[in-house]
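Hello,

Here is the structure I promised to pass on. Please look it over first; my notes follow below.

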Amino acid sequence: IINTKENSMEITILSAIIGALTIIEYTLPLRETKPNIGNAFGAAVGIFVILDGVLYNKVNHMAAIIINGVFLIGIILFTAVMIYVVGGAKMTAKSESTLIVLGCRVKWDKPSLALVERCRAAAKYMKKNESAVAILSGGQGADENISEAECMYDLMQSFGVDKNRLFIENESTSTDENIEFCKKIIEKNGLSNSIAIATSEYHIRRALMICKRHGLSAKAVPSKTVDYTKPPFYAREVFGVLAMWLKVK
């Protein structure tokens, strides 16, 4: 917002509304998910917009231009990476023989909605590819009574997948470890290097990048995401992709 003397009250009110809605949009999913950098980013943007409106016409004109200019550049960069992340959220797997299913939060011993959807997408893929096997990858967190892999093992069977087609990897604590440990299972069991990755649509781009970093060429099996949880998760992935580009661990 460029600092002028006109309509300052209207600008302040509009900024407050936009900022508040942004904060709500990015923090509302916390009812169902753990906090992540995406929630923090959205809240920070909302707070900035509110303060920008409150301080309208109360700061040096040139300072306002510089601050808002930097903010605008940041949003443009964020949007460009977001477009790249969203572009990865599409089905590309067709007949790959080894499916890696990435874990997600388990609430004590109950699967999160995201984990259910990942397994649903994986099961659907395996029903179309009857010779495929799946590696269920995910360790056990501090607030989880069972590992994510064990939870997925039960889910996949409930969706009609034979347990003899399932491998369990229950030691990983991150996406990087998911792929690293699954690669070892593939090598140990002589599984096909024709690989597909099943994970939430917002997570696909980074998961495929990590596969590539570990020397694996993979295709995507994206699962659906509840609409109101998309903003913080997609925002989180923007920072995840940027960290990979900058080689920040």
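**Salt bridges**

Lys 34 and Asp 143 form a salt bridge, with their closest N and O atoms 3.4 Å apart. This pair links distant parts of the chain, 109 residues apart. Lys 34 sits in the loop between helix H1 (8-27) and helix H2 (37-54). Asp 143 sits in the loop between S4 and H5. Lys 34 is partly exposed, at a relative accessible area of 40%.

Please keep in mind that this is a predicted model.

The count of salt bridges comes to eight. Another one joins the side chains of Asp 176 and Arg 213, at 2.4 Å from N to O. Asp 176 lies in helix H6 (residues 175-189) and Arg 213 in helix H7 (residues 204-213), so this salt bridge ties together parts that are 37 residues apart in sequence. Asp 176 has 24% relative accessibility and counts as partly exposed. Arg 213, at 52%, counts as exposed.

Arg 206 and Glu 237 also meet through their side chains, in a salt bridge of 2.7 Å, N to O. Here too, distant parts of the chain are linked: Arg 206 is in helix H7, Glu 237 is in helix H8 (residues 230-245), and 31 residues separate them. Both ends are covered. Arg 206 counts as buried at 16% relative accessibility, and Glu 237 counts as buried at 0%.

There is also a network: salt bridges with shared partners join Lys 34, Arg 105 and Asp 143.

**Glu 144**

Where does Glu 144 lie? It is in the loop between strand S4 (133-137) and helix H5 (148-158). Glu 144 is buried, yet it has no salt bridge. The nearest side chain of opposite charge is that of Lys 34, 5.2 Å away. A salt bridge needs the nitrogen and the carboxyl oxygen within 4 Å, so Lys 34 does not qualify as a partner for Glu 144.

What does the side chain of Glu 144 reach? One target is the backbone nitrogen of Val 106, at 2.9 Å. Another is the backbone nitrogen of Gly 141, at 2.6 Å. Leaving aside neighbours within four places in sequence, Glu 144 is in contact with Cys 104, Arg 105, Val 106, Trp 108 and Gly 139.

**Cysteines**

How many disulfides does the structure hold? Zero. Cys 151 is in no disulfide, and the nearest cysteine sulfur, that of Cys 119, is 7.2 Å away. Cys 151 counts as buried, at 5% relative accessibility.

Why is Cys 182 not bonded to Cys 211? Cys 211 has the closest cysteine sulfur, but it is 8.7 Å from the sulfur of Cys 182, which is too far for a bond. Cys 182 counts as buried too, at 0% relative accessibility.

**The chain as a whole**

The protein chain has eight helices and seven strands. Its C-alpha trace spans about 70 × 35 × 30 Å along the principal axes. Of its 249 residues, 45% are buried.

Take the contacts with a separation of 6 or more: residues 24 or more positions apart account for 74% of them. The accessible surface of the chain is about 13,200 Å². Carbon and sulfur atoms hold 61% of that surface.

Best wishes

Conventions:
Residues numbered from 1 in each chain as written. Predicted model: local features only at pLDDT ≥ 70, side-chain atom pairs only at ≥ 80, totals over all residues. Heavy atoms only, no water. Helix = DSSP H or I, 4+ residues; strand = E, 2+ residues; numbered from the N terminus. Buried < 20%, exposed > 50% of the residue type's maximum accessible area, 1.4 Å probe, protein only. Lys, Arg positive; Asp, Glu negative; His and termini not counted. Polar contact = N/O pair within 3.5 Å; in protein donor to acceptor, adjacent residues only side chain to side chain. Contact = heavy atoms within 4.5 Å. Disulfide = S-S within 2.5 Å. Areas by Shrake-Rupley, 256 points an atom, 1.4 Å probe, with all protein chains shown as cover.
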